[in-house]
Amino acid sequence: MIHTQTGSGRRILTFPAVNPCESISVTTLLDSLLQISGEILSFKSKHFSTNKRSVKETLRHIQSLVIFLEELRVQIRFGSISASRRSVILSLSELHVIFQKLKFLLEDCTREGAKLYMLINSGQVSAHFRALIRSISTSLDTFPVESVDLPGEVNELVYLVMRQTRKSEARPDRYDKLAIDSVHWFFNLFENRINPNSDEILRVLDHIGVRKWRDCVKEVDFLREEISAGKKSKIEIELLSSLMGFICYCRCVILRGIDVDDEVGDEDEEDEDLMMISGLNIDDLRCPISLEIMSDPVVLETGHTYDRSSITKWFSSGNITCPKTGKNVVTTALVDNFSVKQVIQSYCKQNGVVLGQKGKKKVAVAESLAAEEAGKLTAEFLAGELINGDEEEMVKALVEIRILTKTSSFNRACLVEAGVVDSLMKILRSEDPRVQENAMAGIMNLSKDTAGKTRIAGDDGGGLRLIVEVLNDGGARRESRQYAAAALFYLSSIRDYSRLIGEISGSISGLVRIVKSCDFSDSAKRNALIAIRSLLMNQPENHWRVLAAGSVPVLLDLLRSDEVSDGVTADSMAILAKMAEYPDGMISVLRRGGLKLAVKILGSSEVSPATKQHCVALLLNLCHNGGSDVVGSLAKNPSVMGSLYTASSNGEFGSGKKASALIKMIHEFQERKTGTVEPVLGRERFVHAW
């Protein structure tokens, strides 16, 4: 059987057909054609919201061709027709490619979440149907019908298909055109800040088969993926953005029959972008050549990452070296660094950075006027529901706010401007767990917005105290407390808020309790850990508060546990490394066996590079503050140097330099013991390192 590509992972309205090989037998070719024909005819039972006439015509022709192909296979098996005739194989091979493309096109017409997209592109879809149907006639023209001994009725059927496909005039359906005109009319109304008539919107949605809240969710997910996938023109982006604004409006304002308990998500829902960028140094995302955030990071054979445009210019100028190491490169081949690109995309999404504008932030705006105004109308509607709606309407509005605030900085800006923050803060003390959880999730997402941070904190920091109250509320859902921890992380990025949070009684101890508790998932623990880390990084005064909350023994116990994820391990190690920058933190880590544990983790093959990076930082800080006692303890361990050399050669984002510094300190200590160099390390304090 011929191997053909499936629709999985295929971009919509692309048709990557596979040409049969030249040496293929007619029997194999016919078997494959009949299989694909069956797959195409299986679409008879599926619903087509647009281009119905083109689909019906296509299926009719395929059904006729199946009769022809089955009869041809019978004749070849009985030897009535030569299976080696070149014209037969050529014609059937062309037909095979056409059938593959038709199958892809039918898959697109029934693709989940793409109904609005296929409607707006029905002209292009019709053109594809027309071209492919007419191609059937062209492929049959080369088939030697008259010289092949087929029954007369089959020959007549072939000629009929050839005549009909040659004259195919597949056009967009009349009702498709009317629906498209309505959608563009809705765009015009949005641009003028006018709410469209709900009955007219419902007619369009009913035409394309979008009848439930969940249908809108699928449409939004598809459009979001389409916007972010591949290079598109400004006109294409504007259209997709307008469609996104329209379908979001429909989901929030028109189709509001949401079953909250089914649609909100599971207990372990986590903000992946938050996890990815926690503790990130923005300089790590800059190209070493241009010093700007990389838009297309690639790796050289030396292992160093550069922006594609910058390193390409470097090589085009006649250079044959790695700019960072100065070493000659054997090949200038570039490999995409997808992991770094993912981190950059998450950073830009969370911080409103637009690549190509020298890493500068811009005000969150939609890509089209229709999308912008639709977003504002949606935000105003939801803000009104929080104030004037009954309990169920308020819960539905909260779910929508939670979803919208998670998807884009523009949605967050619209909702902050509409005044939803004050309403959300007022209901954080609600006794209804659904209300509190969704309100807290909305606050967490809005805390990513600059203006949102100001509204949430309030003039006197009252909002921060309210979030800490939820964090420590034993009667609240675990999810609510988890979202409170994440909100504190985002808010603590502002130094003044980091100081205020640290001063609030129970803030840091509440975070430590989540880390320590067995009732919380690793996702919740990570939210609390990165919040603690942010409080340490943005406000040095919080160091003693984190230490007083008993964080060191809790973190060391986590590192000794075999039941936590590597993400929890890395975050715990990062906090300990930060704590060890101060003498009292260093002593606390050493007294509880932190040095021995760090050496063990550094030598483990089961932890991530990020964990080892923080492990090296912890060891370096312990040596700096612990003096020769700590360095001497490390020097006695035979496995340390090998682990450090590995970290030095493989280290990224500064860990290599730290590992090299540690190696130098240990060498100097050993040389000093033998009397070959003057002492450079003092014994400022005496501590029991192991």
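## The turn before helix 2

Asn51 sits in the loop that runs between helix 1 (26-41) and helix 2. In this predicted model, the backbone of Asn51 takes a positive phi of about 55°, although the residue is not a glycine. Most residues other than glycine have a negative phi. The relative accessibility of Asn51 is 0%, and the residue therefore counts as buried, the limit being under 20%.

Helix 2 itself covers residues 52-77, and Thr58 has its place within that helix. Thr58 has a relative accessible area of 1% and is therefore buried. When its neighbours within four places in sequence are left aside, Thr58 is in contact with Leu102, Phe129 and Ile133.

## The chain as a whole

The secondary structure of the chain amounts to 34 helices and three strands. The chain has 690 residues, of which 52% are buried. If one considers the contacts between residues at least 6 apart in sequence, 74% of them join residues that are at least 24 apart.

## Ser168, between helix 6 and helix 7

Ser168 belongs to the loop that links helix 6 (152-166) and helix 7 (174-191). Although Ser168 is placed in a loop, its relative accessibility is 1%, so that it counts as buried.

Leaving aside the neighbours within four places in sequence, the contacts of Ser168 are with Glu57, Arg130, Ile133 and Arg134. Ile133 thus appears among the contacts of Ser168 and also among those of Thr58 in helix 2. A further pair involving this loop residue is Ser168 and Leu132, which lie 36 residues apart in sequence, with a C-alpha to C-alpha separation of 9.7 Å in space.

## Helix 7 and the loop after it

Helix 7 has 18 residues, which at 1.5 Å a residue should span 26 Å, and the 26 Å between its end C-alpha atoms agrees with that expectation. The buried residues in helix 7 are Asp176, Ala179, Ile180, Val183, Phe186, Phe187, Leu189 and Phe190. The elements that cover these buried residues include helix 4 (115-120), helix 5 (122-141), helix 8, helix 10 (234-254) and helix 15 (369-388).

The loop between helix 7 and helix 8 (198-208) contains Asn192, and Arg193 lies in this loop as well. Asn192 has a relative accessibility of 49% and therefore counts as partly exposed, while Arg193 is partly exposed at a relative accessible area of 35%. Arg193, which follows helix 7, has a phi near 55°, a positive value in a residue other than glycine. Asn192, for its part, is 181 residues from Glu373 along the chain, yet the C-alpha atoms of the two are separated by 7.7 Å.

## The three-stranded sheet

The three strands form an open sheet, in the order 2-1-3 and with antiparallel pairing. Its edge strands are strand 2 (305-307) and strand 3 (335-336), each of which pairs on one side only. Strand 1 (residues 297-299) runs antiparallel to strand 2, and the two are joined by three bridges; within this pairing, Pro297 stands opposite Asp307 of strand 2.

Helix 13 (residues 308-316) lies across strand 1, strand 2 and strand 3, and the direction in which this helix runs is at about 90° to strand 2.

## Helix 25 and its contact with helix 23

Helix 25 (residues 522-538) consists of 17 residues and reaches 24 Å from its first C-alpha to its last, which is close to the 24 Å expected at 1.5 Å a residue. Of these 17 residues 15 are buried, so helix 25 is largely enclosed by the rest of the structure.

One element that packs with helix 25 is helix 23 (residues 495-503), at an angle of about 115° and with the two axes 9 Å apart. The crossing that helix 23 makes in passing helix 25 is left-handed. Arg495, Ser498 and Ile501 provide the contact from helix 23, whereas Ser534, Leu535 and Asn538 provide it from helix 25. Sorted by class, the residues of this contact are two nonpolar, three polar and one charged.

Key. Residues numbered from 1 in each chain as written. Predicted model: local features only at pLDDT ≥ 70, side-chain atom pairs only at ≥ 80, totals over all residues. Heavy atoms only, no water. Helix = DSSP H or I, 4+ residues; strand = E, 2+ residues; numbered from the N terminus. Buried < 20%, exposed > 50% of the residue type's maximum accessible area, 1.4 Å probe, protein only. Contact = heavy atoms within 4.5 Å. Expected span 1.5 Å × (residues − 1). Axes fitted to C-alpha atoms, helices over the stretch in contact; angles between N-to-C directions. Left-handed = near helix turned anticlockwise from the far one by under 90°. Nonpolar A, V, L, I, M, F, W, Y, C, P; charged D, E, K, R; others polar. Pairing = 2+ DSSP bridges.
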